[in-house]
Amino acid sequence: MADPQKPLLTVRYGLEDSWSLAVAEKAGAYAVARRALSEMQPDAVREEVKKASLRGRGGAGFPAGVKWGFLSPKEGDEVYLVINADESEPGTFKDRTIMDLDPHRLIEGALIACYAIRSHVAYIYVRGELRHSIARLEHALGEARAKGYVGDAPFGVDYPIEIHVHSGAGAYICGEETGLLNSLEGRRGEPRLKPPFPAIKGVFGMPTIVNNVETIASVPDILDLGGAEWAALSRLPGDGGTRLYGISGHVERPGIYEAPVGITMRELLDDYGGGVLNGRPLKAIIPGGSSTPVLDPARLVDAPGEDHPLHRWHGKSELDVPMGVDTYRALGTMLGTCCAIVMDDSINMVDVARNLMRFYRHESCGQCTPCREGTGWLVDILENVCRGTSRPGDVDLLVNVANNMMGNTICAFADGCAMPMLGLVQKFYPEFVEAAKHGLPKGTRHDTTTRDLLEGAA
Amino acid sequence: MTFALTPDRDQKADEYLTRYPSARAALLPVLWLCQEQNGWISPEVIDFAARRLDLSTAAVKGVVTFYTMFHQAPVGDHVVWVCRTLSCDLRGAKAIQEHLEGRFGCHAGGTSTNGKFSLRKAECLAACGQAPMVQIDDRYYENLDLGQLDRILDTIERDGIEAAVERFATEASFDPDAGPKARPLQSVPPPPVSKEAADAAQGSGTSTDKPTEDE
Ligand SMILES: Cc1cc2nc3c(=O)[nH]c(=O)nc-3n(C[C@H](O)[C@H](O)[C@H](O)COP(=O)(O)O)c2cc1C
Ligand code: SF4
Ligand code: FES
């Protein structure tokens with residue numbers, strides 16, 4: 001049994017010049033890809049990934065092995081691997097650590113994944129703002145090409161693989177997989193109607209697998225340990241391995257931490273994050289990026305039925321439920337990108353809602369009326385509520401607008417906006433009602449200067 | 001006045017075209033090259049990109065207007081993006097924005113009177129754990145306070161952007177000694193809250209967040 005505390009994905013992060021081929025290779029990079037391409041059949045690689053129960057790290061948590069199985073290319077089809085490095089979900093900053101600190105892990109993962117799905121070309125779509133990460137990746141690819149690891153015959157094996165970096169230019173919606181494909185084709189990044197799903201008809205009309213950076217970066221470790229053993233690192237069934245956890249906001253040690261799947265939010269906050277900033281009382285936590293409904297530490301899990309998936313945690317705080325794709329769904333939220341935003345008790349949740357809804361209004365691509373109009377309405381109503389100029393019934397109107405956005409659009413962006421809005425109102429209803437009457441209360445700490453905040457004077 | 005890429009950039013564009021099975025897919029990379037050279041995507045740049053990739057100007061314009069990073073008007077020598085999404089706001093991004101507005105004498109969306117800096121509000125830039133932060137041109141500057149921010153801007157004004165990159169720019173950070181390696185999994189009791197701190201927080205600040213315009 002591997003030691004579950006041992007870092008895998010982050011094992012090279014702390015090395016000096018960890019991003020260079022010389023350092024990475026000395027610490028093990030490319031050994032697994034060499035073995036996989038020379039000694040394993042693609043089917044065997046896919047089988048290990050399936051056994052690993054690797055759940056996609058991009059937000060939806062779909063099993064990667066199953067997704068890869070959806071491919072059924074016709075004669076003459078070119079299969080593409082597209083790696084989603086758009087990392088734009090508010091609160092999320094994990095994929096950037098892979099690209100900046102260990103780009104060769106991503107390239108190694110891409111080589112193995114290409115081989116497994118019988119693709120010869122991979123595109124890494126990086127959000128345009130990450131110029132430094134793009135430079136790191138380009139540099140790493142240059143090194144890997146010079147060694148012959150990427151190109152006509154990786155590791156001497158007659159299986160050509162080309163990997164390209166493609167830069168976005170600023171648009172959250174290009175993280176949605178079909179918006180990304182349009183953007184990659186040189187179009188506006190507007191999501192496409194599904195079906196057809198990318199595995200059937202993706203980029204350039206060809207079968208395409210879209211996976212998150214961290215998903216692909218996990219593949220070398222899976223083959224190294226073996227799928228079953230990697231899966232067993234997790235504390236939960238059907239959701240394997242270790243993963244990157246992020247924590248930001250009002251926390252003593254914000255950052256990225258690697259831990260087994262299934263640690264609790266309380267462990268992430270206290271043991272990794274060092275607790276709430278300046279030891280203040282905790283108000284709420286957004287668990288996995290802005291699209292995931294908020295957790296209220298004062299709320300207890302209500303699962304009295306023996307067959308309820310969360311029955312074991314009945315009566316405990318929401319923060320004590322293990323963090324997994326399925327457990328969090330059962331909790332009525334989502335694990336999302338597994339990057340949490342912590343808020344202390346000085347924060348007003350109406351203010352939080354306004355901040356987030358401004359984001360969604362700015363980023364809606366505008367194709368669908370419920371989304372384009374709904375995001376604007378939500379912000380307008382919230383501005384009024386915060387200012388104390390709202391009308392009776394405005395809180396219910398927030399719920400009404402959000403409900404009408406859900407499930408009525410081309411892509412999941414509208415749901416990703418409506419769900420957290422509904423969660424905030426549901427869990428902090430009195431705060432919304434109070435603000436609707438009088439505006440945001442005095443003492444809402446939104447305006448505090450950085451220095452005061454960090455020195456604990458605020 | 002027509003626009004054309006310099007020979008080395010034009011060669012780069014040729015290389016981009018080999019990466020994709022369709023010429024159109026090279027549009028974003030080619031626009032990046034043009035903006036790097038021209039500073040912004042002018043109508044002449046749009047004409048050039050359309051001719052270079054055999055697209056209609058309408059198609060190119062549609063793409064340019066979709067993405068926030070393509071400047072559709074001239075900008076200052078340096079573009080400063082201040083992240084105002086939740087994680088940064090929780091750690092004082094509003095103060096960062098106000099300080100920049102004061103220093104530049106312009107609102108977010110505008111350009112300083114000396115033409116040196118354009119100020120833009122950004123949505124989450126994937127640096128939330130090092131909040132608050134700004135992006136200046138190609139690089140990030142993280143874990144800011146107002147003093148550090150001034151030091152960075154002073155350096156740019158006095159010694160140029162390369163000097164600032166050298167001294168202050170950051171990349172994704174990771175503390176290998178933090179987390180369970182240094183401290184095995186166990187509950188850490190939170191430090192006591194000082195009464196003064198709690199009182200000060202209750203009384204401080206008013207909520208005068210003006211409805212901020214999107215730029
Ligand atoms: C609005 C929206 C934004 C998204 N942004 C990202 C993103 O920035 N990065 C990412 O990996 N996935 C993002 N996704 C999820 C992708 O659509 C897709 O599910 C994912 O890249 C698949 O990879 P995975 O199976 O490895 O998780 C987003 C989805 C939606 C609906
Ligand atoms: S739901 Fe919103 S973001 Fe998604 S396609 Fe429709 S308008 Fe665009
Ligand atoms: S919220 Fe500012 S970088 Fe994410």
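**Ligand shell, pockets and sheets**

Guide: The shell around ligand 2 holds nine nonpolar and four polar residues, and no charged ones. This is a predicted model, in which local features need pLDDT of at least 70 and side-chain atom pairs count only at pLDDT 80 or more, whereas totals for chains, interfaces and linings use all residues. Residues are numbered from 1 along each chain as its sequence is written, chains are lettered from A and ligands numbered from 1 in the order in which they are written, and side-chain values use heavy atoms, with hydrogens and water left out.

Visitor: What makes a residue count as nonpolar, polar or charged?

Guide: Ala, Val, Leu, Ile, Met, Phe, Trp, Tyr, Cys and Pro count as nonpolar, Asp, Glu, Lys and Arg as charged, and the others, Gly among them, as polar. Among the closest residues to ligand 2, Cys365(A) is therefore nonpolar and Gln367(A) polar.

Visitor: How many residues surround ligand 2, and which are the closest?

Guide: The number is 13, the closest being Cys365(A), Gln367(A), Cys368(A), Cys371(A) and Cys411(A). A residue is near a molecule if one of its heavy atoms lies within 4 Å of it.

Visitor: Why is the largest pocket called a pocket and not a cavity?

Guide: On a 1 Å grid over the protein atoms alone, a cavity is a set of points where a 1.4 Å probe fits but cannot get out; a pocket is an open set with protein on both sides within 12 Å along at least five of seven lines, and lining residues have an atom within 4 Å of a point. The name pocket therefore denotes an open set. The largest one has a volume of about 1300 Å³, the space filled by probe spheres set on grid points joined across faces, edges and corners. Its lining comprises 48 residues, with Gly58(A), Gly59(A), Ala60(A), Glu176(A) and Glu177(A) nearest its centre. By class they are 18 nonpolar, 18 polar and twelve charged.

Visitor: Which strand gives the most to the lining of the largest pocket?

Guide: Strand 4 of chain A does, with five residues. Strands (E, at least two residues) and helices (H or I, at least four) are DSSP runs numbered from the N terminus.

Visitor: How do you know where the second largest pocket lies with respect to the domains of chain B?

Guide: Domain 1 (7–66) and domain 2 (78–168) of chain B both contribute lining residues, so this pocket lies between them. The bounds come from an automatic or database domain assignment, and the two centres, taken over C-alpha atoms, are 29 Å apart. The pocket has a volume of about 1100 Å³. It is lined by 37 residues, of which Arg131(A), Trp32(B), Glu36(B), Asp137(B) and Asp138(B) are closest to its centre. Helix 7 of chain A gives the most, with six residues.

Visitor: What makes strand 2 and strand 3 of chain A a pair?

Guide: Two strands pair if DSSP finds at least two bridges between them; these two have six, in the parallel sense, and therefore qualify. Ile124(A), for example, has Val165(A) in strand 3 as its bridge partner.

Visitor: Why are strand 3 and strand 4 of chain A edge strands?

Guide: They belong to an open, parallel sheet of four strands in the order 3-2-1-4. Each has a single partner strand, so one side of each lacks a neighbour in the sheet.
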